[in-house]
Amino acid sequence: MSDLSAAHVEAFLEMMSAERGAAVNTLQSYERDLEDALSHMRSRGTGLTAAVADDLRHYLAHLAGQGFKPSSQARRLSALRQFYKFLYAEGLRGDDPTGILDAPKKGRSLPKTLSIDHVSRLIGQAETEAAATAGGPERLSKLRMHALMELLYATGMRVSELVSLPASVLAQDGRFLVVRGKGNKERLVPLSQAAIRAMRAYSTALTEEFAKADKGERESPWLFPSSAKAGFLPRQVFARELKSLAARAGIRVATISPHVLRHAFASHLLANGADLRAVQELLGHSDISTTQIYTHVLEERLHDLVQNHHPLAKQAKKQD
């Protein structure tokens, strides 16, 4: 019996054009995808019309082996689903073999991060600039930037949490900071000694500025006060100042944002032995699945652990 797959594909495309008004580009895309699938089925000794679920699974596996991204595989599967729905509606098949197929899983993109060296350069630049402006007009802004950088990398706070810290945090135990996050939930995060020093230096300068101000001007309830409507430093302003700092530190500006520093905080902790649950708590993630975007760091660490510490791996290295 002759294979009528090509004729059925043509009939499907005519239906898409006449009944659904599909655009030319859409029709061309369907045609390319279905012809490719038809070619693959013929190489397996069957036709596209007669293909069963296992044939289609083999085709998707073939696409993956050819390096097609999950999104491209999903597009091909979508075309096949439409084709088999057409065959079923026309009575040309009594089933839809794509009905039991799972869509190719799209891998979650890894978060952008920074190396420890780049973070050190950023913080070092902020510290150097703060120290170089003693008594100058930019003293407060430079000390503020240094405090922001130290706090962000020490705690992994969201930028919205950072810029809206209340001035009352200065009265807390210096080793820890209470952060109010999403859903008004509070969490306790430890502070590095560098962050404590930077925050105290900035706080001292801020108090001196308020002392110089007009008596009618009261101290702000915010740690990083601003003339903005909210009363504290807008996160967009901090993001802009961060990029400027990166440029001065010789780091590509396009790679920098406050959120990237939050990712660096998490990635560097995990790379140095921190537990995923502990990082979840520090980041303020309500669900561990959100923190699992960093599992690539754990996988690299475990791979390194096995390669360097497993007895058989050590034995293999000696033989080499």
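This text leads the reader through the salt bridges, a pocket and a surface patch of the structure. The model is a predicted one.

The salt bridges come first. The structure contains 14 of them. In one, the side chains of arginine 76 and aspartate 36 meet, with an N to O distance of 2.7 Å. This pair joins distant parts of the chain, since arginine 76 lies in helix α4 (residues 70–89) and aspartate 36 in helix α2 (residues 24–43), 40 residues apart. The two partners can be compared with the cut-offs for burial. Arginine 76 has a relative accessible area of 10% and is therefore buried, because buried means under 20%. Aspartate 36, with a relative accessible area of 33%, is partly exposed. Both residues also belong to a network of salt bridges that links Asp33, Asp36, Arg75 and Arg76.

Helix α6 takes part in two further salt bridges between distant parts of the chain. In the first of these, glutamate 129 pairs with lysine 142, and their closest N and O atoms are 3.3 Å apart. Glutamate 129 is in helix α5 (residues 116–131) and lysine 142 is in helix α6, 13 residues apart. Both glutamate 129 and lysine 142 are buried. In the second, arginine 139 pairs with glutamate 208, with the closest N and O atoms 2.9 Å apart. Here arginine 139 belongs to helix α6 and glutamate 208 to helix α8 (residues 193–212), and the pair is 69 residues apart. Arginine 139 counts as partly exposed because its relative accessibility is 25%. Glutamate 208, with a relative accessible area of 36%, is likewise partly exposed.

Helix α6 also leads to the second largest pocket, which has a volume of about 200 Å³. Two elements, α6 (139–155) and α10 (258–271), give two or more residues to the lining of this pocket. Which of the elements gives the most to the lining? It is α6, with 4 residues. Among the lining residues are Glu150, Tyr153, Ala154 and Thr155, together with Phe265, His268 and Leu269. By class, the lining has 7 nonpolar, 3 polar and 1 charged residues.

The surface is the last topic. Phe176, Val178 and Leu188 make a nonpolar surface patch of about 240 Å². Valine 178 is located in strand β1 (residues 176–180). Is valine 178 buried or partly exposed? At 32% relative accessibility, valine 178 counts as partly exposed, because this class lies between the limit of 20% for buried residues and that of 50% for exposed ones.

Notes:
Residues numbered from 1 in each chain as written. Predicted model: local features only at pLDDT ≥ 70, side-chain atom pairs only at ≥ 80, totals over all residues. Heavy atoms only, no water. Patch = residues over 30% accessible without salt bridge, like charges linked within 9 Å, V, L, I, M, F, W, Y side chains within 5 Å. Areas by Shrake-Rupley, 256 points an atom, 1.4 Å probe, with all protein chains shown as cover. Salt bridge = Lys/Arg side-chain N within 4 Å of Asp/Glu carboxyl O. Buried < 20%, exposed > 50% of the residue type's maximum accessible area, 1.4 Å probe, protein only. 1 Å grid on protein atoms, 1.4 Å probe; cavity = no way out; pocket = protein on both sides within 12 Å on 5 of 7 lines; lining within 4 Å. Points joined across faces, edges and corners; volume = space filled by probe spheres on them. Nonpolar A, V, L, I, M, F, W, Y, C, P; charged D, E, K, R; others polar.
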